[in-house]
Amino acid sequence: MMAQISYDLVLMDCQMPVLDGYDTTRQIRCLEGDNRHTIIIALTANAMKEDRERCIEAGMDDYLSKPILKEKLASKLADWGEVLQAARVETAAVQLKGGSIVSSNEVTSQPFGSPYLVGLEIDWEHLHQISDGNEDFKLELLHSFVQDTRNYLAMTETAIANEDLYQLEQAAHHIKGASAMIGLKSMQIDACKLEEQARQQRLENTADLLTALDQSLQKVQTFLQNVGS
C-alpha cells in the first residue's frame with residue numbers, strides 16, 4: 001500500500017508476525033531512499049528506554065507504549081501534523097512558477113488545470129492520492145460521489161420534513177463520510193453539524209445546513225459538467 005499511496009504517517013506495530021515492525025521500518029526506509037520520509041510512530045507494549053532506542057535505530061520517528069490512550073495519540077498526531085504542515089509550507093515556498101509561488105497542491109494535484117476549479121473547495125492532493133494519480137479515476141470518483149450524495153440529500157430533506165431525527169442522523173453521517181473520502185472539507189463540516197444536531201434532537205438550522213450541502217454538491221456537479229464539455 002505504501003508503494004501506491006503517499007501516506008503522511010504510519011502507526012507501526014512492533015510485534016507483528018513473520019515481519020516485525022523493526023524490519024518493516026527498515027524495508028520502508030530502503031524503499032523511500034533519499035526522496036521521501038514517511039513519519040513512522042512505533043506502537044509497542046514495552047516501555048523501557050532501550051525499547052525506544054531500538055525503535056529509533058530501526059528508523060522510526062517516535063514511540064507510543066501500550067495501552068494507547070487517545071489523549072496521547074491525539075497529542076502525537078497534533079505534533080507531527082505541525083511538522084508536516086511546516087514542511088509543506090517550505091516546499092511550496094521554493095516551487096516557483098513564472099516568478100510566483102505555487103502550492104504543492106497546484107503542482108501535483110490539480111489535474112484539470114481549468115478555471116472551473118474556482119470556488120470548488122476540494123483537497124486535490126488527497127484526491128490525487130486515493131486515485132493513485134489516475135485522472136480518469138478521479139472523475140469517476142467525483143461522478144459517483146455526486147450521484148450517491150444526491151440520493152442522501154433527498155433522504156435528508158424528507159427526514160427534516162417528517163422530523164425523523166434518526167433518518168436525518170443516518171443520512172448526514174453518510175454524507176459526512178463520503179465528503180471526507182473525496183476531500184470536500186467544507187461539505188464534511190456541514191454534514192457533521194447536521195449529524196450532531198440530529199443526535200441532539202434539534203431541528204433548528206437544519207434547513208440552512210441542507211441548503212449549504214446542496215450548494216456544495218452543485219459546485220462539484222458544475223465542475224464535472226464543464227470538464228466534460
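Select helices H6 and H7 to begin: the two are roughly antiparallel to each other, because their packing angle of about 160° falls in the range over 145 degrees. The model on screen is a predicted one. H6 covers residues 135–162 and H7 covers residues 165–182, and their axes lie 9 Å apart. Viewed at the crossing, H6 and H7 are left-handed.

Now show the side chains between this pair. From H6, pick Leu141, Leu142, Phe145, Asp148, Thr149, Tyr152, Leu153, Met155, Thr156, Thr158, Ala159 and Ile160. From H7, add Gln167, Leu168, Ala171, His174, Ile175, Ala178, Ser179 and Ile182, which complete the contact. Coloured by class, the contact of H6 with H7 shows 13 nonpolar, 6 polar and 1 charged residues.

Keep H7 and add helix H8, residues 185–199. The axes of H7 and H8 cross at roughly 160° and come within 8 Å. That angle makes H7 roughly antiparallel to H8. The crossing of H7 with H8 is left-handed.

For the side chains here, select Leu165, Leu168, Glu169, Ala172, His173, Ile175, Lys176, Ser179 and Ala180 in H7. They meet Met187, Gln188, Ala191, Cys192, Leu194, Glu195, Ala198 and Arg199 in H8. By class, the H7 and H8 contact has 10 nonpolar, 3 polar and 4 charged residues. Leu168, Ile175 and Ser179 of H7 are in the H8 contact, and Leu168, Ile175 and Ser179 also belong to the contact with H6.

Next, go to helix H1 (residues 21–32) and helix H2 (residues 49–58). The axes of H1 and H2 are 8 Å apart, at an angle of about 25°. H1 and H2 are therefore roughly parallel to each other, as angles under 35 degrees count as such. To see the contact, select Tyr22, Thr25 and Arg26 of H1 together with Arg54, Cys55 and Ala58 of H2. These divide into 3 nonpolar, 1 polar and 2 charged residues.

The last stop is a pocket. Turn on the surface and look for the second largest pocket, which holds about 380 Å³ of space. To find its centre, select Asp8, Arg88, Asp123, His126 and Gln129, the closest to that point of the 16 lining residues. Then colour helix H3 (70–94) and helix H5 (124–130), the elements that each give two or more residues to the lining. Which of the elements gives the most to this lining? H3 does, with 5 residues. Colouring the whole lining by class gives 6 nonpolar, 5 polar and 5 charged residues.

Definitions and conventions: Residues numbered from 1 in each chain as written. Predicted model: local features only at pLDDT ≥ 70, side-chain atom pairs only at ≥ 80, totals over all residues. Heavy atoms only, no water. 1 Å grid on protein atoms, 1.4 Å probe; cavity = no way out; pocket = protein on both sides within 12 Å on 5 of 7 lines; lining within 4 Å. Points joined across faces, edges and corners; volume = space filled by probe spheres on them. Helix = DSSP H or I, 4+ residues; strand = E, 2+ residues; numbered from the N terminus. Nonpolar A, V, L, I, M, F, W, Y, C, P; charged D, E, K, R; others polar. Axes fitted to C-alpha atoms, helices over the stretch in contact; angles between N-to-C directions. Parallel < 35°, antiparallel > 145°, perpendicular 65-115°, else oblique. Left-handed = near helix turned anticlockwise from the far one by under 90°. Contact = heavy atoms within 4.5 Å.
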